[in-house]
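Biologist: Could you take me closely through the surroundings of the ligand, and then place that site within the chain as a whole?

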Amino acid sequence: MTKAMTMTGTKIVTIEEYVAASAGAELAEVFGAIARAGRQIERKIRLAGLSDLYGAYGAVNVQGEQQQKLDVFANDLLTEELRGVACVAAIVSEEDEAPVVFGHADAAFVVVFDPLDGSSNIDVNVNVGTIFSVVKMEGEVVASVMKPGREQVAAGYVLYGPSAVMVLTTGAGVAAFTLGEDERFVLTAEGLRMPKQGPYYSANEANVASWPAVYREYLQMLLGGGLGGRRYGARYIGSLVADFHRTLLKGGVFLYPPTEKALKGKLRLLYEASPLAMIAEQAGGAAVDGAGRILEVQAEGIHERTPLVIGSRCEVAALQKAVVAALSATMEEE
Ligand code: AFP
């Protein structure tokens with residue numbers, strides 16, 4: 001990882017400046033809007049206990065999940081900030097059943113997002129995040145966002161933790177920006193690389209009994225030192241952004257396999273798995289849905305779910321190999 005600069009250094013680079021230099025002025029405007037929304041979401045989260053923003057909003061979203069007050073706030077804020085950007089044609093959000101189309105003529109992009117991932121953790125003051133993906137507007141909005149993730153123009157997330165950090169890629173490596181006291185996200189690291197093998201696995205082990213056998217065996221293999229003799233530790237926050245951020249920096253593997261009840265797992269392809277997969281690959285890591293690369297998956301719906309195994313190359317490759325072998329053994333039996 002290259003340490004880019006610090007607030008005490010001479011050159012301060014903001015997100016808008018960085019993206020403008022690396023990917024052009026239009027995309028910089030998109031990131032500027034997300035950064036403004038992220039800043040306001042961070043402030044609301046920080047003060048949530050003081051302003052009665054903990055707890056349920058009283059409605060259920062398209063996923064059938066209880067919306068938190070901050071889910072609604074974050075969704076409205078991102079939508080309105082992005083509506084103000086002329087090159088954004090529409091947004092697709094976890095919280096809205098259908099795309100919101102802005103009616104900007106010849107707009108280049110659609111932004112897909114989960115406004116507040118891990119929001120069931122808000123009331124207990126645990127990290128949450130915003131995940132987003134930028135795709136080219138080509139024809140219809142729905143067709144534009146349902147392309148395989150390898151066609152994303154950019155992806156990123158904001159982690160609202162002890163500090164607020166935005167991690168992004170525009171397809172040329174991964175950079176991190178930290179929210180400073182002057183309310184700007186400034187470059188704090190670029191060229192981030194995920195370790196080839198890491199010290200942790202991260203999964204909701206309460207579900208192990210309902211995972212397919214190949215995932216159970218994989219976990220046993222990790223625990224038994226079967227991957228280069230490494231003894232893995234467990235880490236699980238239950239906020240994908242936070243679990244992914246640790247995996248990006250320290251290495252290892254995050255997995256949310258299929259379960260008996262949820263054959264496609266819990267996580268969403270377009271605004272959780274795909275953007276994080278783009279970041280993982282840009283940092284030298286990998287992401288699969290079991291046998292296949294996440295970035296090759298052709299979506300069938302905007303709120304589609306997918307199993308997700310993401311992290312260091314070594315751990316992800318071992319899982320993928322095991323799933324491919326299990327599938328071919330099943331096919332031979334049939
Ligand atoms: P919420 O937004 O409902 O908290 O869901 C968060 C999430 O989609 C993702 O952030 C976590 O990785 C995952 O769910 C945790 O799911 P389990 O509670 O089933 O472990």
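Modeller: The ligand is surrounded by 15 residues, a residue being counted when one of its heavy atoms lies within 4 Å of the molecule, and the closest are S120, N204, Y236, L240 and Y256. This is a predicted model, in which local features need pLDDT of at least 70 and side-chain atom pairs count only at pLDDT 80 or more, while totals for chains, interfaces and linings use all residues. Residues are numbered from 1 along each chain as its sequence is written, and side-chain values use heavy atoms, with hydrogens and water left out.

By class, the shell holds 5 nonpolar, 6 polar and 4 charged residues, where Ala, Val, Leu, Ile, Met, Phe, Trp, Tyr, Cys and Pro count as nonpolar, Asp, Glu, Lys and Arg as charged, and the others, Gly among them, as polar. On the backbone side, an N or O atom of G118 lies 3.1 Å from an oxygen atom of the ligand, a backbone N or O atom of S119 is likewise 3.1 Å from a ligand oxygen, and a polar backbone atom of L240 is 2.8 Å from an oxygen atom of the ligand. On its own the ligand has 480 Å² of accessible area (Shrake-Rupley method, 1.4 Å probe), and the protein covers 84% of that.

As for the whole, the chain contains 8 helices and 15 strands, these being DSSP runs of H or I with at least four residues and of E with at least two, respectively. Of its 334 residues, 54% count as buried, meaning under 20% relative accessible area.

Conventions. A polar contact is a pair of N or O atoms within 3.5 Å; within protein, one must be able to donate a hydrogen and the other to accept it, and residues adjacent in sequence count only if both atoms are side-chain atoms. Buried means under 20% relative accessible area, exposed over 50%, partly exposed in between (1.4 Å probe, protein chains only).
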